[in-house]
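Q: I am new to this structure. Please take one part of it and walk me through it closely, from the residues leading into it to what it packs against.

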Amino acid sequence: MDWLFCDINEILAFSPDGVDWHTDWWKILIISFATLLYVALLVRFSLYILRLVGVLVCVGIGVLGALVAKSLLTDYFAEWLPTSLNQYASVISALLGFLLCFGVSTFVMMLIRKAAQPQKSPDAK
C-alpha cells in the first residue's frame, strides 16, 4: 500500500542499469499511453483554437464591413427611408454591411475548411 503514496516519477523510473523488458514493460506501456493521450488532446485543443481564430477573423471582417458601409451607405438610406426613420439610417447601413461581410467571410472560411479536409474515394462505402 505504500506505493499509493509515492511520487509517480519514482514509480515509473527505470533502474540505473537501463530498461529491463521483463519487469518494466508496464511502465513503458503507461508512458506510451500517456504520450498518445497528450498528443490527441493537443490536436483537439489546437483544432478548437483554430476554429476560434476563424470565428474571430469573420467577426473582424464583419466589423470592418460595417464601418465601411456606415460611411458609404448612410446618406443613401437616409434618402430612401421615411423621415421618421432617418435617425436609424446609420444603424441599418452598418448592420447590412456587417451581415454581408460576415456572410462572405464565413462562406470563404467554409470553402477553405472543406478544401483542407481529405477527399473520400468514390469506391469507399
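**A close look at helix H2**

A: Start just before the helix. Asp24 sits in the loop that joins H1 to H2. The model is predicted. Asp24 counts as buried, because its relative accessibility is 6%, and the cut-off for buried is under 20%. Leaving aside residues up to four places away in sequence, Asp24 touches Phe14, Gly18 and Val19.

Next comes the helix. H2 covers residues 25-80, and Val43 is part of it. How far should its 56 residues reach? At 1.5 Å a residue, the expected span is 82 Å. The C-alpha atoms at its two ends are 78 Å apart, so the model agrees with that expectation. H2 does have a kink, though. The kink is about 50° and is centred on Leu73.

Now look at which residues of H2 are hidden. Its buried residues are Lys27, Gly54, Cys58, Gly62, Gly65, Ala66, Ala69, Thr74 and Phe77. A general point helps in reading such a list. In an α-helix there are 3.6 residues a turn, so residues three or four places apart point the same way.

What do the buried residues pack against? Their partners are helix H1, residues 8-12, and helix H3, residues 89-116.

Consider the partner H3. H3 has 28 residues, and its first and last C-alpha atoms lie 41 Å apart. That is close to the 40 Å expected at 1.5 Å a residue. H3 has buried residues too: Ala89, Ser93, Ala94, Gly97 and Ser105. H2 is part of what covers them. The packing can thus be read from either helix: buried residues of H2 pack against H3, and H2 helps cover buried residues of H3.

Return to H2 for the surface. Tyr38, Val39, Leu42, Val43, Leu47 and Leu50 form a nonpolar surface patch. Together they have about 610 Å² of accessible area. Val43 is one of them. Is Val43 buried, exposed or in between? Its relative accessibility is 44%, so it counts as partly exposed.

Finally, compare one buried residue of H2 with a point further along the chain. Pro122 lies in the segment that follows H3. Pro122 counts as exposed, because its relative accessibility is 83%. Thr74, by contrast, is among the buried residues of H2. These two residues are 48 places apart along the chain, and their C-alpha atoms are separated by 51 Å.

How values were computed: Residues numbered from 1 in each chain as written. Predicted model: local features only at pLDDT ≥ 70, side-chain atom pairs only at ≥ 80, totals over all residues. Heavy atoms only, no water. Patch = residues over 30% accessible without salt bridge, like charges linked within 9 Å, V, L, I, M, F, W, Y side chains within 5 Å. Areas by Shrake-Rupley, 256 points an atom, 1.4 Å probe, with all protein chains shown as cover. Salt bridge = Lys/Arg side-chain N within 4 Å of Asp/Glu carboxyl O. Helix = DSSP H or I, 4+ residues; strand = E, 2+ residues; numbered from the N terminus. Buried < 20%, exposed > 50% of the residue type's maximum accessible area, 1.4 Å probe, protein only. Expected span 1.5 Å × (residues − 1). Bend = angle between axes of the 7 residues up to and from the residue. Contact = heavy atoms within 4.5 Å.
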